[in-house]
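Student: Hey, I've just pulled this one up and I'm new to it. Could you walk me through it?

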Amino acid sequence: MKLPGVGVLHTFVTDDGGKVGVIAHRSGHSDLITFSDDEDTTNVTKVSLRLNEDEAHTLAELLGGTQITESLTALDQIPGLSIDWFTVDYEDYIAGQRLGSPAEVGMVGLTVVAVVRGDSTNPAPAADFKVFPGDTLVVAGSPEKVAKAFTYFRTGEVAKPALADAPPGV
């Protein structure tokens with residue numbers, strides 16, 4: 001249901017008769033609410049929580065997770081493999097840019113597994129996939145390479161490898 005000047009209200013009724021709603025404000029934050037249509041409100045408990053965008057994402061993950069989260073949980077158990085999420089902000093270097101290939105910028109051994117945009121998931125995005133603020137990049141690689149990728153996504157700079165990481169002859 002549209003709420004003029006506010007946003008959109010989404011509601012559902014639980015199996016035990018409770019009514020839950022989320023008001024998605026145009027400003028980006030959300031309100032999680034419970035309420036009752038009962039006319040007798042003497043025994044009704046009401047809850048209202050204001051959530052910022054990150055808190056709303058966290059709550060969604062806790063309540064059931066995304067398909068990506070469920071699929072990657074098993075992979076996260078592999079020694080030496082780190083899987084992490086990077087949410088793109090307006091000021092990040094990668095915002096508005098094509099994803100490119102991590103290898104193009106010296107990050108061999110790192111993979112962008114998927115880009116989550118709203119309710120849709122783009123698995124194995126191509127190098128020409130354009131990244132926008134609000135997108136979540138799911139990356140996999142060694143913990144060091146994931147950290148380098150996050151620095152690159154934020155600043156556009158790739159840290160030079162330490163001498164121990166450099167190929168022979170360098």
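Tutor: Sure, one term to begin with: two strands pair if DSSP finds at least two bridges between them. The strands themselves are DSSP runs of E, at least two residues long, while helices are runs of H or I of at least four, all numbered from the N terminus. Also, this is a predicted model, in which local features need pLDDT of at least 70 and side-chain atom pairs count only at pLDDT 80 or more, while totals for chains, interfaces and linings use all residues. Residues are numbered from 1 along each chain as its sequence is written, and side-chain values use heavy atoms, with hydrogens and water left out.

Student: Got it. What's the strand order in the open sheet?

Tutor: The five strands run β1-β2-β3-β4-β5, with antiparallel pairing. At the edges sit β1 (2-3) and β5 (47-51), and each of those pairs on one side only.

Student: How many bridges join β2 and β3?

Tutor: Seven, with β2 covering residues 7-13 and β3 covering residues 19-25, and the pairing is antiparallel. Two pairs you can look for: H10 has V22 in β3 as its bridge partner, and V13 stands opposite K19 in β3.

Student: And what sits between those two strands?

Tutor: Five residues, with β2 and β3 forming a hairpin around them. G17 is in that turn, with a positive phi of about 90 degrees.

Student: How does β3 pair with β4, parallel or antiparallel?

Tutor: Antiparallel, over six bridges. K19 turns up again here, since it stands opposite F35 in β4. So K19 faces V13 as well as F35.

Student: New topic. How many salt bridges are there?

Tutor: Three. To count, a side-chain nitrogen of Lys or Arg has to be within 4 Å of a carboxyl oxygen of Asp or Glu. One of them is R50 with D31, where the closest N and O atoms are 2.5 Å apart. D31 lies in strand β4 and R50 in strand β5, so the pair ties together parts that are 19 residues apart in sequence.

Student: Is D31 buried or exposed?

Tutor: Buried, because its relative accessibility is 8% (buried means under 20% relative accessible area, exposed over 50%, partly exposed in between, using a 1.4 Å probe and protein chains only). Its partner R50 counts as exposed, at 55%.

Student: What else does D31 touch?

Tutor: Besides R50, D31 is in contact (heavy atoms within 4.5 Å) with G21, V22, I23, H25 and L49, leaving out residues up to four places away in sequence. You've met V22 already, as the bridge partner of H10.

Student: Okay, which residue pairs with R98 in a salt bridge?

Tutor: That's E104, at 3.2 Å from N to O. R98 is partly exposed, with a relative accessible area of 44%, and E104 counts as exposed at 52%.

Student: And what does D135 pair with?

Tutor: R117, with 2.7 Å between the closest N and O atoms. D135 is in the loop between β8 (120-123) and β9 (136-141), and R117 is in strand β7 (residues 111-117), so the pair ties together parts 18 residues apart in sequence. At 2% relative accessibility D135 counts as buried, whereas R117 is partly exposed at 30%.

Student: Who are the neighbours that D135 touches?

Tutor: Among them are F86, T87, V88, V115, V116, F129 and K130, plus R117 itself, again not counting residues up to four places away in sequence.

Student: Last topic: how many residues are in the largest nonpolar core?

Tutor: It has 18. A core like that is a set of buried Ala, Val, Leu, Ile, Met, Phe, Trp, Tyr and Cys residues joined through side-chain atoms within 4.5 Å. The residues with the most contacts inside it are F86, V88, L99, V131, L137 and F153. β7, β9 and α3 (143-155) each supply at least two residues, and α3 gives the most, with five.

Student: What does F153 touch?

Tutor: F86, D92, Y93, I94, V112, L137 and V139, with residues up to four places away in sequence not counted. Apart from that core lies another one, of five residues, including I83, A114, V116 and V138. V116 is also one of the residues that D135 touches.
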